[in-house]
Amino acid sequence: MNNYRELVERLAKSNSSEKIPNATIDHAAVLIENLFAHAHEKVRILSGQLNKNVYGASGVFEKARAFLRGEHEASKEGGRRFEILLEAPSSDIGENPLVRLCREETEFSNICEVKYISDPNDKEINCHFILVDGKAWRFEPDKETPAAIACFNDPEIGKQLDEMFDVLFKRGVLLESRG
């Protein structure tokens, strides 16, 4: 695992366009932690329920909070935005560390937005992803498995993911208003 972490950190720091395969929950957490660590302005997540073993991992949570606070070098410029779109939020989604961070810390109320998909047609999407600054991403082509590919510098794919997210997010419903 240390070799994988070192590889991901090296590729993230160099803003590499190399594709990084990953197939485990642990790999996902390492990648997402590094995506947050190198985020400047915007992080967008399309997920089923924000797997606690990934998005609840201490490294992911700490880097997400640092991004929101503008604490790390990449996010100091300001103008940060964090958007989460959930496909099938569980009844205890409010306990998820990232959701709690967005909902409970008032300093982030203008930065964070958590929505869920209500339109049954939109739930037919087969993928999940996280997109950072329109160019860095982790993409799961089959939402039923953690196998994915990631890249820290691919604005072409980033643009496609951004456009898909825009359409779905506009139709999403704020999590707070969930009945």
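These exercises, each with a worked solution, concern a predicted model.

**Exercise 1. The largest nonpolar core**

Find which residues touch the most other members of the largest nonpolar core, and which helix gives the most to this core.

Solution.
- Start with the membership. The largest nonpolar core holds 42 residues.
- Rank by contacts inside the core. Phe36, Ile45 and Phe82 touch the most other members.
- Turn to the helices. H2, residues 25-37, gives the most, with seven residues.
- Look for a separate group. Another core, of 13 residues, lies apart from this one, and Ile117, Ile125, Leu168 and Phe169 are among its residues.
- Set this against a general trend. In soluble globular proteins, nonpolar side chains tend to be buried together.

**Exercise 2. The surroundings of Ile45**

List what Ile45 is in contact with, leaving aside neighbours within four places in sequence.

Solution.
- Take Phe36 and Phe82. Both are in contact with Ile45.
- Add the rest of the run around Phe82. Glu83, Ile84 and Leu85 are also in contact with Ile45.
- Complete the list with Leu50, Tyr55, Leu98, Phe129, Ile130 and Phe165.

**Exercise 3. The buried face of H5**

Work out how the buried residues of helix H5 are arranged about its axis, and what covers them.

Solution.
- Identify the residues. H5 spans 97-104, and Leu98, Val99, Leu101 and Cys102 are buried there.
- Look down the axis. The buried residues fall within an arc of 160°, so they line one face of H5.
- Recall the helix geometry. An α-helix has 3.6 residues a turn, so residues three or four places apart point the same way.
- Find the cover. It includes strands E2 (42-47), E3 (81-86) and E4 (112-116). Helices H3 (52-55) and H4 (58-69) are also part of the cover.
- Check the start of H5. A side-chain oxygen of Asn96 comes within 2.9 Å of the backbone nitrogen of Leu98.

**Exercise 4. The largest pocket**

State how much space lies in the largest pocket, and which residues are closest to its centre.

Solution.
- Read the volume. The largest pocket has about 290 Å³ of space.
- Go to the lining. It has 20 residues, and Ser47, Gly48, Asn51, His128 and Glu140 are the closest to the centre.
- Assign the elements. H2, E2, H3, E5 (128-132) and E6 (136-140) each give two or more residues to the lining.

**Exercise 5. Lys115 and Gly172**

Decide whether Lys115 is buried or exposed, then do the same for Gly172.

Solution.
- Place Lys115. It is found in strand E4.
- Apply the cut-off. Buried means under 20% relative accessible area. Lys115 has 11% relative accessibility, so Lys115 counts as buried.
- List contacts beyond four places in sequence. Lys115 touches Ile84, Leu85, Leu86, Phe169, Lys170, Gly172, Val173, Leu174 and Leu175.
- Move to Gly172. It sits in the loop between helix H6 (155-171) and strand E8 (173-174). Its relative accessible area is 14%, so Gly172 is buried.
- Apply the same sequence filter. Gly172 is in contact with Leu85, Lys115 and Tyr116.

**Exercise 6. Positive phi in two loops**

Find where Asn15 and Asp133 lie, and give the phi of each.

Solution.
- Begin with the general rule. Most residues other than glycine have a negative phi.
- Take Asn15. Its phi is positive, about 55°. Asn15 lies in the loop between H1 (2-13) and E1 (20-22). With a relative accessible area of 33%, Asn15 is partly exposed.
- Take Asp133. Its phi is also positive, about 55°. Asp133 lies in the loop between E5 and E6. Its relative accessibility is 24%, so Asp133 counts as partly exposed.

Terms used:
Residues are numbered from 1 along each chain as its sequence is written. This is a predicted model: local features need pLDDT of at least 70, side-chain atom pairs count only at pLDDT 80 or more; totals for chains, interfaces and linings use all residues. Side-chain values use heavy atoms; hydrogens and water are left out. A nonpolar core is a set of buried Ala, Val, Leu, Ile, Met, Phe, Trp, Tyr and Cys residues joined through side-chain atoms within 4.5 Å. Buried means under 20% relative accessible area, exposed over 50%, partly exposed in between (1.4 Å probe, protein chains only). Helices (H or I, at least four residues) and strands (E, at least two) are DSSP runs, numbered from the N terminus. Contact means heavy atoms within 4.5 Å. The arc is that of the directions from the helix axis to the C-beta atoms. A polar contact is a pair of N or O atoms within 3.5 Å; within protein, one must be able to donate a hydrogen and the other to accept it, and residues adjacent in sequence count only if both atoms are side-chain atoms. On a 1 Å grid over the protein atoms alone, a cavity is a set of points where a 1.4 Å probe fits but cannot get out, and a pocket is an open set with protein on both sides within 12 Å along at least five of seven lines; lining residues have an atom within 4 Å of a point. Grid points are joined across faces, edges and corners, and a volume is the space filled by probe spheres set on the points.
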